[in-house]
Protein chains: 2
Amino acid sequence: MDDRDLLNVVMGIVGRDNCLDDCAVFPCGEQVMVATTDMLHRTTDFVPGMSDWQAGWMSAAVTLSDIASMGAAPKFLLIAVGLDDWKCLAGVMQGAKDCCTMFGAEIIGGDIDRHGELTVVTTGLGLVDKEHLVRRAGAKPGDLVCITGTPGQAQAWLDGYHQFEKALFEPQPRVREGQILGRAGISAMMDDSDGIALSLYDLMSVNGCGFALDSSRLPLAAGIPPAQARELALYGGGDYELIFTIPPGCYPVEGVPATVIGKVVATQSVTVDGNPLEKRGYQHRWE
Amino acid sequence: MDDRDLLNVVMGIVGRDNCLDDCAVFPCGEQVMVATTDMLHRTTDFVPGMSDWQAGWMSAAVTLSDIASMGAAPKFLLIAVGLDDWKCLAGVMQGAKDCCTMFGAEIIGGDIDRHGELTVVTTGLGLVDKEHLVRRAGAKPGDLVCITGTPGQAQAWLDGYHQFEKALFEPQPRVREGQILGRAGISAMMDDSDGIALSLYDLMSVNGCGFALDSSRLPLAAGIPPAQARELALYGGGDYELIFTIPPGCYPVEGVPATVIGKVVATQSVTVDGNPLEKRGYQHRWE
């Protein structure tokens, strides 16, 4: 039983339409508001060596990344903190605040709770003009598949390449890039927090098409043997890059460094160099 | 160190204005949106004997109560669930959905996570016309202090009066009453989830006045010795009634059964029958 199996349970109760994107969407005046929530824990998300400030930064960043992936501007964050040790609180709050300030959002509310381990739940709210909203659905055969930045660096730290500490400990959500892409005619977008492979399978589940990757085009983290770097890029979790599809005529997008890694195809399959891409990456599992 | 001490730490980082009400408030078209988040846990909030459905119901209800206390109509709920046992999920989600449906809200998003104990974080969003928004600040000397329903029943269950199971296990947020009160000219409002005493001290901290209670007017839970019922009403947690202040000329409010339990006074003090009211109730504490 993994988190994608459980998502099917949730879809049966709250409706499939409320589970398809990185954020929920509803009208707010003449714009639309996007909303998303994320739960992080000391044992599963805040790796040993992370400071309280970094735990707070990461907690805000993962939620701001979901907002970025809809093409929206982050506006507000609510933060619920479960604390085993009250002395963590100031660092966590300062980290979350600094991340919000960096990306244009404000902490407007929260909850404090006694709990067995540090647990932080951030809920982010963003705004976007309706015509610039980007969803996971919308990819069309012939579109290019692109990614910002260099994927696999967060997982590389976990595999011992400690030069990538900042990628894992202080992720930088692609807030500026998401908004530019939303105005540039892209057809679909999400973040790659569970790895490129799972992200593409998630995209396929809401699009009537598939994806063909060319492994020679994957941007690879420096200082790692290429075969391992390719593995990290495809299956590693903890990155917050944006994966998007875009009509060829709209690419490149000024102000958004990105790499074309494949194309959208008419068949419902995800391949790399013509072979099926393994459906694995970062997942929660239960017995 | 208790949760109100820690709130002072948070105020120092995110600003006092973002910590004063049951909900945050921001513009949304021609109305204002209110937003609030609450974290609940198996060991501290979901008492033994509660079903998964009731845990989900309670998780939604506590957040809808915060929205009600601003005079707003609940619209949307996001729900993050940390699970030790995945088999809890369907019950929790169904309970939360049924509570939302009962009170006019919709679950629009969430997160699922593996965790050491069942932890549910709900974030609620509501809408209200700006002129009908009610805050904690606004009480004026001479106003009446009122409460809906009969406080102390949830704590009574914890103290062995098991006829009050529904009050604790399936709290009914005063959503309808909150919106009527918001249109009826009341001056301040909050819910009494930590007990009447702590609620009045919270109200005093944002109002330049105090409160004088008359214990003979407290509505008391039936079947409990009066002295104990009075204690439960003043200091018990887990209720979701609305405490509000209202100019005498506006009382009673049609459609909202409530009891006058005291009045707003010019001095910054909280008294019961002329004596200082103890500042205690439901609080999280850390060593």
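In helix 6 of chain A, the buried residues are A:Val175, A:Glu177, A:Gly178, A:Gln179, A:Leu181 and A:Gly182; a residue counts as buried if 20 or more other C-beta atoms, placed from the backbone, lie within 10 Å of its own. That makes 6 of the 8 residues of this helix (175-182), so helix 6 of chain A is largely enclosed by the rest of the structure. Its cover includes helix 2, strand 3, strand 5, strand 6 (144-148), strand 7 (188-191) and strand 9 (242-246) of chain A. Helices (H or I, at least four residues) and strands (E, at least two) are DSSP runs, numbered from the N terminus.

All of this comes from a predicted model, in which local features need pLDDT of at least 70 and side-chain atom pairs count only at pLDDT 80 or more, while totals for chains, interfaces and linings use all residues. Residues are numbered from 1 along each chain as its sequence is written, with chains lettered from A and ligands numbered from 1 in the order in which they are written.

Zooming out, chain A has 8 helices and 12 strands, and 56% of its 287 residues count as buried. Its C-alpha trace spans about 55 × 50 × 40 Å along the principal axes. The radius of gyration of chain A is 18 Å, which agrees with the value near 19 Å for a compact globule of 287 residues; the radius is taken over C-alpha atoms, and the globule rule is 2.2 Å times the number of residues to the power 0.38. Of the contacts in chain A with a separation of 6 or more, 86% link residues 24 or more positions apart, a contact being two residues whose C-beta atoms, placed from the backbone, lie within 7 Å.

Chain A splits into domain 1 (21-131) and domain 2 (135-276), with bounds from an automatic or database domain assignment. The C-alpha centres of the two domains lie 23 Å apart. Where they touch, domain 1 of chain A puts in 20 residues and domain 2 of chain A 19. On the domain 1 side, helix 2 (52-68) and strand 3 of chain A are the elements giving two or more residues, and helix 2 of chain A has the largest share, 9 residues.

Then there is the partner chain. Chains A and B each bring 49 residues to their contact. On the chain A side, strand 4 of chain A gives the most, with 8 residues. That side divides into 27 nonpolar, 15 polar and 7 charged residues, where Ala, Val, Leu, Ile, Met, Phe, Trp, Tyr, Cys and Pro count as nonpolar, Asp, Glu, Lys and Arg as charged, and the others, Gly among them, as polar. A rotation of 180 degrees with 0.0 Å of shift along its axis superposes chain A on chain B (RMSD 0.0 Å). The two copies are thus related as by a two-fold rotation axis; the fit is by least squares on the C-alpha atoms of residues with pLDDT of at least 70 in both. Within chain A, A:Gly29 comes closest to that axis, at 1.7 Å (C-alpha).

Helix 3 (89-102) of chain B ties into this picture, since the cover of its buried residues includes helix 1 of chain A. Those buried residues include B:Leu89, B:Val92, B:Met93 and B:Cys100. Just after helix 3 of chain B, B:Gly104 takes a positive phi of about 85 degrees.

Technical notes: A residue is buried if 20 or more other C-beta atoms lie within 10 Å of its own, exposed if 12 or fewer, and partly exposed in between; C-beta atoms are placed from the backbone.
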